[in-house]
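The following exchange concerns the terms used to describe a protein chain and the values behind them. Please consult the sequence and the structure while reading.

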Amino acid sequence: MQEDFRNHHNALQQNRIKAGAFDIKGFSVSGLATYLQLPELDFCADMGECPISAVKLNHVFLTHAHGDHSRCLMRHHSLRKMMGIPKESVYYLSAAIYENACEWIRAEAIFEGVSPHKFQLPKLVPVKPFEKIQLEYRKDLYLEPFPVAHSIHAIGCTLFQYKRKLKDEFLNLPAEKIIELRQKNVEITREVYLPLISFTGDSLGETLRTQTHIWKSPVLVTECTFLDEGEEKMAVQKGHTHLSEIIEYLEKFGSEIECQKIILTHFSMKYSEKYILDTLKKKIPEAFQEKVIAFI
Ligand SMILES: [Zn+2]
Ligand SMILES: [Zn+2]
C-alpha cells in the first residue's frame, strides 16, 4: 500500500457520485469524518466535517453521536449565522440521544463564550424508528428512521418522496367526473411514499439482514469499514460491517435486491483508494460490479 494518502484522508476534499436523479457529495472515512450532502434534496446525512457547500443545506440528519459523524453539527449552525442565512436549519436526531445532544450543544456554546442567559438551542427534532416525519422545508420529502446495531446507539434513515395519487377506482374516470367528485369533497386520492435513498450509518453487518426494507431503496448508502480476510471478528467487536457480509447478502438475495446503486462508505483509514477499488473489483459478484460503488 505505497500510495499517497493526502487526498484520500482530507475530509474537505469531497467525493461526488451521481446516484439516480441526484448527486451525493461529501466524504466518509472511518474515524476521520462522514458527511453526505444531497443538494437536490436539501439534505445532509451526518456532519463529521462542515465544508462551505454544506452550510446552505437546511436539513441535517444525525445517525449517532460518534465525533466523526457529529462533530460539526453546531459548526453548521454557527456558520449559517455568521453568513447571515436567516432560515432556521433543522437537525433530526434520535429521541434516545436528544437530551445528551442538548447538553452537549449548550456546553459547547458556553465554552465558546455565549452567555448562559442568551443561549438558545437550534431547531432539534427528536425522531423515533419507523415514524415518518415530513422535512421542514421540503413538503414533498419524508424521513423515516430505522434502528441499526452499532457500538453505541445509532439509527439509519430512508428518505421518501411523498405524492398523492388517484385511487385505483377513479383512474379511468373522465376529467369532468373527477372535478365533480372533488367538488363533492369525495377523497379521490391516496398517499404514496416512494423510497429514494437509505443510509445505514455506522452499523454491524446484521443490519443488512434485519432491516431488509433498505434493499428496496433505489439508492442504498451503507458502511463497509473492513475488507480483509481475518478482520471479520474485529468488525463485529467494533460495531462495523465487513465486506464479506455485504457480498453474502448480494449472493443470497441477488434478484430480490431493488437498489440501482449501492454506495459503500466509511472504509477504514488503513486502506488506500487503490486497495479499496482493487478489492471490490476482485470480490463483488459480477452482477453487482456496476451497481456497487465505493464512495472515495
Ligand atoms: Zn464512524
Ligand atoms: Zn460510530
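The questions below take up the chain as a whole, then a sheet, a helix, two loop residues and the nonpolar core.

Q: What makes the chain as compact as a globular protein of its length?
A: The model is a predicted one. Its chain has 9 helices and 14 strands. The radius of gyration is 21 Å and the globule rule gives 19 Å for 296 residues; the two values are close, so the chain is as compact as a globular protein of that length. Along the principal axes, the C-alpha atoms fill a box of roughly 70 × 60 × 30 Å.

Q: What share of the contacts with a separation of 6 or more is due to residues 24 or more positions apart?
A: Such residues account for 57% of these contacts in the chain. As for burial, 38% of the 296 residues are buried.

Q: Why are S1 and S7 called edge strands?
A: The sheet is open and has 7 strands in the order S1-S2-S3-S4-S5-S6-S7, with mixed pairing. Strand S1 (15-19) and strand S7 (123-127) each pair on one side only, and they are therefore the edge strands. On average, neighbouring strands of this sheet are turned by 20° against each other, direction ignored.

Q: How do you know that S4 and S5 are paired?
A: Pairing requires at least two bridges between the strands. Strand S4 (residues 43-45) is joined to S5 by 3 bridges, so the requirement is met. The two strands run parallel, and Phe43 has His59 as its bridge partner in S5. Helix H4 (residues 98-111) packs on the sheet, where it touches S6 and S7; the direction of H4 makes about 160° with that of S7.

Q: What puts the buried residues of H3 on the same side of the helix?
A: In helix H3 (residues 73-82) the buried residues are Leu73, His76, His77 and Arg80. They cover an arc of only 95° around the axis, which puts them on the same side of H3. The general rule is that an α-helix has 3.6 residues a turn, so residues three or four places apart point the same way. The cover over the buried residues of H3 includes helix H1 (52-55), strand S5 (59-61), helix H2 (67-70) and strand S6 (90-94). Just after H3, Gly84 takes a positive phi of about 75°.

Q: Why is Asp42 called partly exposed?
A: Asp42 has 16 other C-beta atoms within 10 Å. A residue is buried at 20 or more and exposed at 12 or fewer, so Asp42 with 16 falls in between and is partly exposed. Asp42 is found in the loop between strand S3 (33-38) and S4, and has a positive phi of about 55° although it is not a glycine.

Q: Is Asp46 buried or exposed, and how do you know?
A: The count for Asp46 is 30 other C-beta atoms within 10 Å. The cut-off for burial is 20 or more, so Asp46 is buried. Asp46 lies in the loop between S4 and H1, and its phi is near 70°, a positive value in a residue other than glycine.

Q: Which residues of the largest nonpolar core touch the most other members?
A: Of the 66 residues in that core, these are Cys44, Met47, Val60, Leu159, Val219 and Ile263. The largest share of the core, 5 residues, comes from strand S10 (residues 154-166). Not counting residues up to four places away in sequence, Cys44 touches Tyr35, Leu36, Gln37, Ala54, Leu57 and Val60.

Terms used: Residues numbered from 1 in each chain as written. Chains lettered and ligands numbered in written order. Predicted model: local features only at pLDDT ≥ 70, side-chain atom pairs only at ≥ 80, totals over all residues. Helix = DSSP H or I, 4+ residues; strand = E, 2+ residues; numbered from the N terminus. Arc of directions from axis to C-beta. Contact = placed C-beta atoms within 7 Å. Axes fitted to C-alpha atoms, helices over the stretch in contact; angles between N-to-C directions. Rg over C-alpha atoms; globule rule 2.2 N^0.38 Å. Core = buried A, V, L, I, M, F, W, Y, C linked by C-beta atoms within 7 Å.
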